[in-house]
Amino acid sequence: MSEQEQEPVKTICPYCGVGCGIQVKPGDEPGDMRFMPWGDAPVNEGRICIKGGAATEVVDHEDRLTEPLIKENGEFREASWEEALSRIVDELERIREEHGPDAMGFYGSSKVMNEENYLLQKLARRYGTNNVDNCTRMCHASTVWALRRSLGAGAMTNSMEDLGAKADVFWIQGANPAEQHPIANSQYFRQAVIDGATVIQVDPHANKTTKSFDIEGTDRHMHLQLEPGTDIPLLNVVLKTILENDWVDEEFVRQRTKGFGDLEETLDDFDKEAAAETCRVPLEDIEEAAEKYATAENAAIFTGMGMSQHSCGVDNVQNEINLALVTGNLGRPGTGVNPLRGQNNVQGTCDVGAMPNVLPGYQNVDDDAARSAVEEVWGFDVPPEPGLTNVEISMEAGESVHGLYVMGENPVMSEPDANEVAERLERLEFMVVQDIFMTETATFADVILPATTWAERGGTVTNTDRRVQRMRPVEKVHENTRHDLDILAEVGTRLFGEDGGFDFSDPEDVFEELRQVCPSYHGMTYDLLGEEGIHWPCYEPGDEGDPFLYEDEFTTSDGLGYVEGVRHQPPAEVPDEEYPLILTTARLIEHYNTGTMSRRSPTLNRQTPENFVDIHPNDAERYGIEDEDDVIIKSRRGEITVVANVTEDIKEGVIWTTPHFAAASANRLTNDVLDERAKIPEYKAAAAEIEVSVES
Ligand code: SF4
């Protein structure tokens, strides 16, 4: 290997949506590589968390899939690429002939690059269906829905850099950045508090974020520890307090919003004392927080999955938008409504159209003009009706859906009511999975294609604040693996012919086509992205991209921001005699979603090798549970055995666990009821019971 090939490559951490720049240093042999900091990386300036530092550990892991596999008589056997690809094409053609194109579902992945997700959604649409979705459905579909409708774009309104420097108050609701976005929390938010900013945290759990703001010599942190599922009444107390005290930015409301009267009407007979009791938070604390937010010069809202993963997720986020609009905290640095996105490309996967209702650039599939413009570039017709979301595809398995194409996803663990999901996948006629490891979902597949890892592929990813950045590859580790992009190009060409629109030589070639159909990426090229990346929207080459949105107007059809009053909707399942506790879920810093990668990383797995549940001491006493006992948590959908962590960090009556561990995943218990507009499941509140395991 030449000296030049040994140079470290600058790329992006494959884990969370902060999008930290890191370097990978190749060794003498393929697979021999290590992490190196990238000192002047644009987002993180060389800092990384434990996950980023351990990211190379999975690249040459012994569990890597290295050959295509075909299932025969219930067992997988190795196959050639030719046999595997022929089987896939034959089955996709058969399913379309026998059942029609909507009998297939396509799962993109937020762990995969823009170019690859772009190609997957194009494949689905060329096949004749809009049944294509990605795992953002599980995390922020409701956020995207509310932000698009009421402000114009389904993304962070501001950027981490501008917020860290300019916000005087951070309102963090249902997000735990110290655990999920560690560098954003330490580099931007915590530093801002040290420099004088105030944090108001709204969360049922006293978590790492809570503790991170316990800074000696500062007293600028409030934690409103509410009951899960009571975010709307808490924000309504805040809004009513703002109205009562004339803290409304009347000029902003008059010139830039509509719907304020609807909010006033909603709050007219609203009882703040009763609402505070529902939230189990002292009224005076909520009023104090309202004053801090409303009277700050610049106040920024951060929102996470504690808000979005509810059957009222859209309304939860709408109420945060209401708060920002009535106080004029939008359209300038240090303000806004800012979803903290989970995976490293969750924003980009949506941007490039891997969703059932929108084409690249969030152009509605049922908008004739937008669809025609895309069809002209693609050279084929796109079905005009929105397709099924991923949870709906899964619910239709064996009914209207007979085949599934899964790229880098693990629905058996990531979807709610996981035991039921596994049963549904058994009913499919055909499933292909392309992945780097044998996931829990891949075990149900008919064909498995071995893909390359994050470090071996080039392309672009878009981080939580809309910054599009390039990932650069090192040499492939296993000869017979293929990049997701090459697999999709090959499948597309086999299905639709040489002129079928899948003849791409490399990721840049795909990006050049993406630019043509995605207006907010149109001004970007690989050269212009360089090492800094560019925030979208970037309409023409030379645009520098916008670190904050909506300076002059919103991008809704009339340019106004939409205020809409919302009322409390309790979770679909509330505690009763049989299931007397509220189960809520969250993630850990050392693990990553379904754990496909993080459970295989020795450094990460060592930190927390097994699942646990946080339970309040009073509940523990009531159920005869001692700290570190093995306990069984049960819901109406299943049970898991985990270790008890008795702690006052959680409220009495609430228990808290994680989805990362296969046999003990919280998703064996969670409820698959959906927000009816955004179709996001209610992961954050289910009724449960707990008991000591007799084997403990
Ligand atoms: Fe990677 Fe996120 Fe950690 Fe940065 S904060 S190193 S992007 S996991």
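Domain bounds here come from an automatic or database domain assignment. The model is predicted.

**Exercise 1. Domains and one contact**

Task: State how the protein is divided, and describe the contact between domain 3 and domain 4 from the side of domain 3.

Solution.
1. The division gives domain 1 (4-58), domain 2 (69-138 + 345-535), domain 3 (141-339) and domain 4 (581-692).
2. Taken over C-alpha atoms, the centres of domain 3 and domain 4 are 26 Å apart.
3. To their contact, domain 3 contributes 24 residues and domain 4 contributes 23 residues.
4. On the side of domain 3 that touches domain 4, at least two residues each come from helix H5 (141-150), helix H7 (177-180), helix H15 (305-308) and helix H16 (313-326).
5. H5 gives the most to this side, namely three residues.
6. Sorted by class, this side of domain 3 holds twelve polar, eight nonpolar and four charged residues.

**Exercise 2. The buried residues of H13**

Task: Find which residues are buried in helix H13 (residues 272-279), and explain why they are on the same side of H13.

Solution.
1. A residue is buried if 20 or more other C-beta atoms lie within 10 Å of its own.
2. In H13, Ala 275, Ala 276 and Cys 279 are buried.
3. These residues lie on the same side of H13 because they cover an arc of only 100° around the axis.
4. The packing partners of the buried residues of H13 are helix H10 (231-244) and helix H14 (283-294).
5. Arg 280, just after H13, has a positive phi of about 60°.

**Exercise 3. A sheet of three strands**

Task: Give the strand order of the sheet that contains S19, S20 and S21, and identify its edge strands.

Solution.
1. In general, strands of a sheet pair through backbone hydrogen bonds, either parallel or antiparallel.
2. In this open sheet the order is S19-S20-S21, with antiparallel pairing.
3. Strand S19 (459-462) and strand S21 (534-535) each pair on one side only, and are the edge strands.
4. Between S19 and strand S20 (residues 467-471), the antiparallel pairing runs over four bridges.
5. Thr 462 has Val 468, in S20, as its bridge partner.

**Exercise 4. An annotated span**

Task: Locate the feature "domain: 4Fe-4S Mo/W bis-MGD-type", and give the helix and strand content of its span.

Solution.
1. UniProt, in an unreviewed entry, places this feature at residues 6-63.
2. Residues 6-63 are 9% helix and 26% strand.
3. The end C-alpha atoms of this span are 25 Å apart.

Technical notes:
Residues are numbered from 1 along each chain as its sequence is written. This is a predicted model: local features need pLDDT of at least 70, side-chain atom pairs count only at pLDDT 80 or more; totals for chains, interfaces and linings use all residues. Two residues are in contact if their C-beta atoms, placed from the backbone, lie within 7 Å. Ala, Val, Leu, Ile, Met, Phe, Trp, Tyr, Cys and Pro count as nonpolar, Asp, Glu, Lys and Arg as charged, and the others, Gly among them, as polar. A residue is buried if 20 or more other C-beta atoms lie within 10 Å of its own, exposed if 12 or fewer, and partly exposed in between; C-beta atoms are placed from the backbone. The arc is that of the directions from the helix axis to the C-beta atoms. Two strands pair if DSSP finds at least two bridges between them. UniProt positions are given in the numbering used here, feature names are shortened, and annotations may be inferred rather than shown by experiment.
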